[in-house]
Amino acid sequence: MFQVKRPRIARFAKWAKMNEAFEKTKHYIGTDGKSIVHSVKKDCSYSNHIEISAFYVSGIISYGAKQNGELRIMRHVVFPTLRCYPNNTSGSLDYNFKGIKISSPSKAKEVVSDFVFDGTLKILSKIDKLKVKRHIFPATSQKCLLERITITNTDKQDISVQIINLDKDKLTPARYGNNRERYQLVTIISERNVTIRAGATAKIDIAYCGLKLDEQIDIDFDKEEKLRLQLIEKLDNLLQIKTPNININLMARYAKIRASESIFKTKNGLMHSPGGGNYYAALWTNDQCEYVNPLFGYLGYDIGEQESINSYELYRQYVAEDKAIITSIVAEGDDIWHGAKDRGDSAMYAYGLSRFLLTYGDRKIAEQFIELVDKSLTYTISQTNEDGVIASDSDELENRLESGNANLCTSTLAYDALISASYLHKEFGNIEKADYYLKTAETLKENIVKYFSKNVEGYATFMYCKEEPNLRSWISMPMVVGIFERSKATKDALLSPKLQVAEGLLSVTGDKTFWDRSTLYTLRGLFNAGYSTEALELLEKFSTARLLGNHIPYAVEAFPEGNQAQLSAESGLYLRIFTEGILGIRPTGFGKFQITPNLPKTWDCMECNNIKFAGKTINIKVTRKKSGYTLQIAHNDTILDFEGKNFEIQL
């Protein structure tokens, strides 16, 4: 069968390239207290891109205005379940839709006044006497990106408007499709010509679709808009973070949207995927198993819970005691990727799965998966080197940076996974196994401190690996998992000019590269270790930069790699700053958890409402007292009051 590789297309418009890591605030919060707005200034160009996703489609919208205010827009639309050749990680069908042009008798250009994002993208503009509002969002039940346009005639005369399709409908070549399958790329427009009476309004609906060859589509635009808004409203009511800082609260709101929307319905069930124009209908041991699935254990989003169970299940066939778990399940489950060999994937899987099982708190589900925790830990322990730490071929950055033969991430994740596994086995009465894991964890902790402790660039902190001479932002990992030896020097190193730049952390000194995930882990670790004042300063800067800076409103993957793609699992890591960092929540059983609050000195109170543990939805309120904190746990109209610094909760 003759097939050739499909040429890759640009995911971002050339004019929407994020050239700078951080810039001054370019956006503001709308009057509704939720939306993020950019008002176009005279003689000042603007560009950005945003990713928005749903079950069958994801769109990266490059949008902006030229110096004269004229609208710029490109829609990179990905269809994860329409597979192309080769059917691998990047094998999703994608296409750049130019969209439509609104043509009026005056031939005037479309000039933008405001861009508004609230979980959907709105563009407010004018074409001479016509006021235009574009509303862009993904369909929930169809393979299409939708654009609803409202045009209002402010003139005293009727105006005839023509809607011009800038794309031609096309069939993909058979040589590009998986199994030579051909697909339709279609733009559906509800009205092509419309006369708008003076003072009246016209509505135009547009769908940018990817379809199988003989597939028909009937779109209910009102229904799809309602479904999108219902999802946002649903997420607004879950895991509500309330702090004295408005920007932080709003950043947490958007983190819920991005972390939750990037779940795709595939032929092998629900799959959470990073996105970014490349990573769809696929799973990773870091992004999904380690980062975001543990969040779904207590977020209360039912789709996220189902996805987590499915993703851990899909890995089942790759879990073994004598070899590393594969890195990624791709192409809707039809293929795998393991190109960086053992990245510590078994430790990542065990860490995420054990935490998810504890917070989700379903005994039957835990019974199904505890064997997989054990197998992945058996392999991980087998990789203990002569120095007593865990060896791996690389790490989650896949040899982009030095990871040596044994790195700090793999060993610390293994340590945390052993503790969680101990709690799991106690729930099932397996005391001998629980004690074994706990003793193994204690020994591993001693060896981590002994092996990785080093004076690096003048700081008595940790090396990332023996082969790395420079400071790395991942040295925060011991604090994240509760290893607080050398934490002060580690904190000083992380927040020094060697690693800290503006609102984030470099990956390694002497380089300009940053990955948001290491900054987000560092924030959790700093709070967890009690450095709440220093952590708050970084959290405020980071949150304001991402929410209102040059590229809104989500945590990103990296810079300069990937054009600051808004990968979804990083948003999950942002939320975990509050639950596992500031509140210091540690699950210890089904419906059991520890809380060790670390509120910044300037915060008298923090709330985390509608958080879920073991199927029960609770509200958590922490209030500062001179000698510690007052903790209120509200559940089913019952309020439990506690006082102290460390709390053991049994629901």
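**Exercise 1. Is R148 buried or exposed?** Work out its setting in this predicted model, then list what its side chain meets.

*Solution.* Start with the secondary structure: R148 sits in strand β11, which covers residues 144–153. Next comes the accessibility. The relative accessible area of R148 is 14%, and buried means under 20%, so R148 is buried. Now look at the side chain. It makes a polar contact with the side chain of D205 at 2.8 Å, and it also reaches the backbone oxygen of F221 at 3.5 Å. Finally, widen the view to contacts, leaving out residues up to four places away in sequence: R148 touches K133, R134, H135, F137, I204, D205, F221, D222 and E225.

**Exercise 2. Which residues does F369 touch, not counting residues up to four places away in sequence?** Place F369 in its helix before you answer.

*Solution.* F369 belongs to helix α6, residues 363–382. Its relative accessible area is 1%, so F369 is buried. The residues it touches, beyond four places in sequence, are I309, Y312, E313, R316, L353 and L357. For a distance check, take S354: 15 residues separate it from F369 in sequence, and the two C-alpha atoms are 8.8 Å apart.

**Exercise 3. At what angle do helices α4 and α5 pack?** Describe the crossing and name the residues that meet.

*Solution.* A reminder helps here: two packed helices are described by the angle between their axes and the distance between the axes. For α4 (residues 302–314) and α5 (residues 345–360), the angle is about 140° and the axes are 11 Å apart. That angle makes α4 oblique to α5. The handedness follows as a separate item: the crossing of α4 and α5 is left-handed. At the contact, α4 contributes E305, S308, I309 and Y312, while α5 contributes Y349, G352, L353, F356 and Y360. You have already met I309, Y312 and L353 among the residues that F369 touches.

**Exercise 4. What is the strand order in the open sheet of three strands?** Find its edges, then look at one pairing and at the helix lying across it.

*Solution.* The order is β29-β30-β35, and the pairing is antiparallel. β29 (585–589) and β35 (647–650) each have a single partner strand, so they stand at the edges, with one side of each left without a neighbour in the sheet. On average, neighbouring strands of this sheet are turned by 25° against each other, direction ignored. Zoom in on β29 and β30 (residues 592–595): four bridges support their antiparallel pairing, and R586 has Q594 in β30 as its bridge partner. Helix α7 (residues 408–427) lies across both β29 and β30, running at about 35° to β29.

**Exercise 5. How many residues lie between β18 and β19 in their hairpin?** Add the pairing details.

*Solution.* Two residues lie between the strands of this hairpin. β18 (residues 263–266) and β19 (residues 269–272) run antiparallel and are joined by four bridges. One bridge to look up in the structure pairs F264 with M271 in β19.

**Exercise 6. Why is helix α10 largely enclosed by the rest of the structure?** Name its buried residues and their surroundings.

*Solution.* Helix α10 covers residues 487–494, and six of its eight residues are buried, so the rest of the structure largely encloses it. The buried ones are S487, A489, T490, K491, A493 and L494. They pack against the strands β24 (459–462), β25 (500–501) and β26 (504–505), and against the helices α9 (477–480), α11 (516–528) and α12 (532–548).

Key. Residues are numbered from 1 along each chain as its sequence is written. This is a predicted model: local features need pLDDT of at least 70, side-chain atom pairs count only at pLDDT 80 or more; totals for chains, interfaces and linings use all residues. Side-chain values use heavy atoms; hydrogens and water are left out. Buried means under 20% relative accessible area, exposed over 50%, partly exposed in between (1.4 Å probe, protein chains only). A polar contact is a pair of N or O atoms within 3.5 Å; within protein, one must be able to donate a hydrogen and the other to accept it, and residues adjacent in sequence count only if both atoms are side-chain atoms. Contact means heavy atoms within 4.5 Å. Two strands pair if DSSP finds at least two bridges between them. Axes are lines fitted to C-alpha atoms, for helices over the stretch in contact, and angles run from 0 to 180 degrees between N-to-C directions. Angles under 35 degrees count as roughly parallel, over 145 as roughly antiparallel, 65 to 115 as roughly perpendicular and the rest as oblique. A crossing is left-handed if the near helix is turned anticlockwise from the far one by less than a right angle, and right-handed if clockwise.
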